[in-house]
Amino acid sequence: MWFLLMLMILLTNGMSAFGLKMIAGWGLPETVKYPYLTVWYAGGLVAIALPMLLKGMRLGKTELFWGGVAGALSIGGQIAMAVALSSGVPGHVVFPIAIGGSIFVVALAGRLIFGERMNPPTALGLALGFVGVVLVGLS
Amino acid sequence: MSLSFCFLGAISFGLLGSALKAAERRKANAAGLVVSAYAWAASLMLVRTLLLKPGGHVPTKVYAIAVIFGICAAVASLAFQVSISIGKVTVGWLMMNLSAAIPVVVSVWMYHEKLTLLKVVALGLVLVSIVFLFWGQVVEKRAARNPAGRG
């Protein structure tokens, strides 16, 4: 189950960002990304909400609250990166710091708050993945 | 000063991963959480879109790919949220970020982008990292099945 979920994350999350690349390739104006992202989020929302509704599931206060927190942090991160880029910091500096840094923050929280312990292969995989992600950002 | 916004972005995204784990610890329903997060984000993006100057034409193909890739993103978010209830948030979060290698590979294939040495090294490291992460999970499963034995 876990392996399948990891493969699913790898492929679907990887492909999810490809649309902006396609739009850039079509030579459309920068402002197109706003209606694009609105439909992007709405499409994802319907895809998950529909089966939920058919099963008779409802949103509770916990989901609404933490969903709001997640949405705010996601948009906060995007705005911070956009400000950095528009201030003249090159993309090959912004993306590795933002992405690599976020992995470091989650690893720290995982250890200190959630008590996660790593065995040697996982720790090595994490270290190599960290460098790999930073290099992908640089490339 | 500008560079501090990069670190602010890192902290924001890092806290996002941690908040999703905190929600899981509070028994938030995974699908409900994704629906809620996407509803908030869609609403905010809609407001931003409505604030744009009118007159810009958006081709239908843009909406078509938005739906397809939006569904991909929601499936990834749901898979991540389910995965952190049975595995580590650090590994799940790393996997979300390792997925950045997929557009690089697709771009090389679709747009014939140049495969530089840096890209080859980065993709190689991503691949080796995934192998180690999967190996780590196998070791952990074995240890859980046989707590008295050695890993």
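# Reading a two-chain helical model

Mentor: Start at one residue: A:Leu135 touches B:Leu118, B:Val121, B:Ala122 and B:Leu125, leaving out residues up to four places away in sequence. This is a predicted model.

Trainee: What makes these pairs count as touching?

Mentor: The cut-off does. Two residues are in contact if their C-beta atoms, placed from the backbone, lie within 7 Å. A:Leu135 meets that with B:Leu118, B:Val121, B:Ala122 and B:Leu125.

Trainee: Where in chain A does A:Leu135 lie?

Mentor: In helix α6 of chain A. A:Leu135 is also 7.4 Å from A:Pro96, C-alpha to C-alpha, although 39 residues separate them in sequence.

Trainee: Why does A:Leu135 count as buried?

Mentor: Count the neighbours. A residue is buried if 20 or more other C-beta atoms lie within 10 Å of its own. A:Leu135 has 21 C-beta neighbours inside 10 Å, so A:Leu135 counts as buried.

Trainee: What share of the residues of each chain counts as buried?

Mentor: In chain A, 45% of the 139 residues. In chain B, 50% of the 151 residues.

Trainee: How many residues of each chain are in contact across the interface?

Mentor: 97 residues of chain A with 101 residues of chain B. On the side of chain A that touches chain B, the elements giving two or more residues are α1 (2–16), α2 (18–26), α3 (33–54), α4 (61–86), α5 (91–112) and α6 (120–138) of chain A. α4(A) gives the most, with 18 residues.

Trainee: What is the make-up of that side of chain A by class?

Mentor: It has 65 nonpolar, 29 polar and three charged residues.

Trainee: How many helices and strands does each chain have?

Mentor: Chain A has six helices and zero strands. Chain B also comes to six helices and zero strands. Along the sequence, chain B reads α-α-α-α-α-α, and chain A follows the pattern α-α-α-α-α-α.

Trainee: How do you know how chain B compares with a compact globule?

Mentor: Set the radius of gyration against the rule. A compact globule of 151 residues would be near 15 Å, but chain B has 20 Å. The C-alpha atoms of chain B fill a box of roughly 70 × 45 × 40 Å along the principal axes. For chain A the box is roughly 45 × 45 × 25 Å.

Trainee: Into which domains is chain B divided?

Mentor: Domain 1 (1–87) and domain 2 (100–151). Their C-alpha centres lie 24 Å apart.

Trainee: Which residues have the most contacts inside the largest nonpolar core?

Mentor: B:Val34 and B:Tyr38, in a core of 92 residues. α3(B) gives the most to this core, with 14 residues. The core draws at least three residues from each of domain 1 (1–87) and domain 2 (100–151) of chain B.

Trainee: What does B:Val34 touch?

Mentor: A:Ile48, B:Ala74, B:Ser77, B:Leu78 and B:Gln81, not counting residues up to four places away in sequence. Among contacts in chain B between residues at least 6 apart in sequence, 64% join residues at least 24 apart.

Trainee: What confidence does the predictor give?

Mentor: Chain B averages a pLDDT of 86, and 96% of the residues score at least 70. Among the elements of chain B, helix α3 (residues 60–86) has the highest mean, 93, and helix α5 (residues 101–110) the lowest, 83. The complex gets an ipTM of 0.84 and a pTM of 0.84.

Technical notes. Residues are numbered from 1 along each chain as its sequence is written. Chains are lettered from A and ligands numbered from 1 in the order in which they are written. This is a predicted model: local features need pLDDT of at least 70, side-chain atom pairs count only at pLDDT 80 or more; totals for chains, interfaces and linings use all residues. Helices (H or I, at least four residues) and strands (E, at least two) are DSSP runs, numbered from the N terminus. Ala, Val, Leu, Ile, Met, Phe, Trp, Tyr, Cys and Pro count as nonpolar, Asp, Glu, Lys and Arg as charged, and the others, Gly among them, as polar. The radius of gyration is taken over C-alpha atoms; the globule rule is 2.2 Å times the number of residues to the power 0.38. A residue is buried if 20 or more other C-beta atoms lie within 10 Å of its own, exposed if 12 or fewer, and partly exposed in between; C-beta atoms are placed from the backbone. pLDDT is the predictor's confidence in each residue, from 0 to 100. Domain bounds come from an automatic or database domain assignment. A nonpolar core is a set of buried Ala, Val, Leu, Ile, Met, Phe, Trp, Tyr and Cys residues joined through C-beta atoms within 7 Å.
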